[in-house]
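The exercises below are meant to be worked with the sequence and the coordinates at hand. Try each task before reading its solution.

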Amino acid sequence: MIPRLGSGKARTLTYLTLIAVVFFSALPLYYSVVVASRDNSALADVPPPLWPGGNFVANVEKVFDTVPFALALLNSVLVAGSIAIAVMFFSTLAGFAFAKLRFRGRNALLLITVATMMVPTQLGIIPLYLIMVKLEWTGSMYALIVPALVNAFGVFFMTQFLSRALPTELLEAGRVDGCTTWGLFWHVVLPVARPAAAVLGMLTFMSAWNDYFWPLVVLTPENPTVQVALSTLAAGYVSDYALSLTGTTLGTLPLVIVFALLGKQIIGGIMQGAVKG
Amino acid sequence: MATRAPDRPTAVPRHRSERFSRQLAYRLDVKASPYAYVMPFLLVFCAFGLFPLVYTAWVSLHDWTLLSDVHKFVGLDNFAFLLGDEYFWNATFNTVSIGLVSTVPQLLLAIWLAHLLNRPLRAQTLFRVTLLLPNVTSVVAVVVIFSQLFGRDYGLINWVLSWFGVGAIDWNAGTASSHVAISTMIMWRWTGYNALIFLAAMQAVPRDLYEAATIDGASGFTQLRKITIPMIKPTIVFVVVTSTIGAMQVVAEPLLFGTYSPTGGPDRQYQTLSLFIYENFAKLDFGYASAISWMMFVFIVIAAGINYLLTRRSGGNLT
């Protein structure tokens, strides 16, 4: 049996605490919608406005006039989308090798993979920038996509999943039927890996969408991602919070919608990855 | 029937040589495929992860700017200058201060929230999804939103504080107040995420331990202290170490808070180490920026190591 929750009073207290947490988690997002739908001068009111106004559309138009926001959205979709697809594919491929194939150096390589999850890549940002200068990729989306095509977390995540979920007998049966290793990957591994790969893809998409520091370093304000455009907006219009927060709302909305629809699976993935980590 | 497992039962080889080449292909496939499959990861990691990290050390030994093609080797000069640079120590202090103020309450709160969620509750999914909502929000969005909330004149937070007779606080201006504001942003974004990770670990704790404790009359808090925390110790160590690494790298919050500037406020009152690197990077002083990166790497290893040992030790005392 599951543990009792205790007395009615304790139960009430638990719910009250959690509702307070929900309130404080949602409040800043709600308030940004409030500000985004107001005229900037309305923010000087005492008391401050607490519910949405009718200025949202006008603010949105102003955002698109101030920064290349449509281009930013397109870039972000392109970057986050291709990174997510590549990470899903390459992580499943490497995860299959680590989980189910025997080869010399497997354990050592897996250990390196786990260790690199801990290494702060931000420290290598200067040589990374020099590489991009050499390749003439500064200011281009290649600079964001190529280094992120596959990462240690994804490989580890898929290795864990496949070593649990992929029955070795299934692979042996495939071998008996004359499958090459690639055939096994295509016909046996991919169908089994699909749910975990989907979760990995969503997590990757979200973090690529939200990535800020590296895009800021390597891109220009003329060809930005959403996050870079948002920071330009915030930097140039420090006092115009209505404008900044309209941009923020627009840039966050797509993710929040995806998250509201698929939140349960995403959370499942995070919690699964966590226990193994 | 086939004589060999890997061959198709129908495709009986006509010639000895064909059979041989098939075997060869099979061997090659089995031997080489695994390497081919991990190769994309290794290539990307070596080119864009490992190489830059090592190359940072090389750059840090030079007088290296992007403006000149000549990079003069200067040995440890950059590091010597660094150790005497008060801005560096200021950034180190700010990083540690913001790290402590954001991480310690955050992890305690996260454990407590996970403990609350680790019970049969209605609307579990709703609670979990809302907990993670801040983490889905981008750092940029978080800072922009909180800069408005922490505004001196029209911010919501000062407005609420004014009910209690607190005068308008200029959150940007002071060292302590700006650290609190930045830590609040970090906490808001990460508490729920860490709570879910703790919750995942707690769900793996055998239920009968709690049953026995309940029969013995142990309170919820005692159960948390005596059963849950010792049982999820590995996860706590993991979260503490990753949070430490994360806290050492805080950069977007101080960059975007208030006036967008890599100095972290006019008096550098909230410039973190990463932001200090970015400031020198923006000045195209790559040699010096690389030296700071390596010092920071050393700090991260030390901080993560200390926290690793501390959490392991304290967990041991609790059992």
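**Exercise 1.** Which domains does the domain assignment of chain A give?

Solution. The structure is a predicted model, and the bounds discussed here are to be read with that in mind. For chain A the assignment gives domain 1 as residues 8–56 and domain 2 as residues 67–236. As a next step, take the centre of each domain over its C-alpha atoms: in chain A the centres of domain 1 and domain 2 are 36 Å apart.

**Exercise 2.** Which residues of chain A does the UniProt annotation "transmembrane region" cover, and how much helix and strand is there over residues 12–31 of chain A?

Solution. Begin with the record: the unreviewed UniProt entry places the annotation "transmembrane region" on residues 12–31, 69–96, 108–130, 142–163, 184–209 and 241–262 of chain A. Then examine two of these spans in the model. Residues 12–31 of chain A are 100% helix and 0% strand, with 27 Å between the end C-alpha atoms. Residues 184–209 of chain A are likewise 100% helix and 0% strand, and here the end C-alpha atoms lie 33 Å apart.

**Exercise 3.** How many residues does the contact take from chain A and from chain B, and which helix of chain A gives the most to the side that touches chain B?

Solution. Counting on both sides, the contact involves 81 residues of chain A and 80 residues of chain B. On the side of chain A that touches chain B, helix α12 (residues 241–276) gives the most, with 16 residues. Sorted by class, that side of chain A comprises 57 nonpolar, 21 polar and 3 charged residues.

**Exercise 4.** Is chain B compact or spread out, judged against the globule rule?

Solution. Start from the secondary structure, which in chain B amounts to 13 helices and 2 strands. The radius of gyration of chain B is 27 Å, whereas the globule rule gives 20 Å for 319 residues; the value is well over the rule, so chain B is more spread out than a compact globule. Along the principal axes, the C-alpha atoms of chain B fill a box of roughly 95 × 75 × 40 Å. Of the 319 residues in chain B, 41% are buried.

**Exercise 5.** Where are the domains of chain B, and how many residues does the contact take from each?

Solution. Chain B is divided into domain 1 (16–60) and domain 2 (77–318), and the centres of these two domains, taken over C-alpha atoms, are separated by 38 Å. The contact takes 4 residues from domain 1 of chain B and 7 residues from domain 2 of chain B. On the side of domain 1 of chain B that touches domain 2 of chain B, 2 residues are nonpolar, 2 are polar and none is charged.

Terms used
Residues are numbered from 1 along each chain as its sequence is written. Chains are lettered from A and ligands numbered from 1 in the order in which they are written. This is a predicted model: local features need pLDDT of at least 70, side-chain atom pairs count only at pLDDT 80 or more; totals for chains, interfaces and linings use all residues. UniProt positions are given in the numbering used here, feature names are shortened, and annotations may be inferred rather than shown by experiment. Helices (H or I, at least four residues) and strands (E, at least two) are DSSP runs, numbered from the N terminus. Two residues are in contact if their C-beta atoms, placed from the backbone, lie within 7 Å. Ala, Val, Leu, Ile, Met, Phe, Trp, Tyr, Cys and Pro count as nonpolar, Asp, Glu, Lys and Arg as charged, and the others, Gly among them, as polar. The radius of gyration is taken over C-alpha atoms; the globule rule is 2.2 Å times the number of residues to the power 0.38. A residue is buried if 20 or more other C-beta atoms lie within 10 Å of its own, exposed if 12 or fewer, and partly exposed in between; C-beta atoms are placed from the backbone. Domain bounds come from an automatic or database domain assignment.
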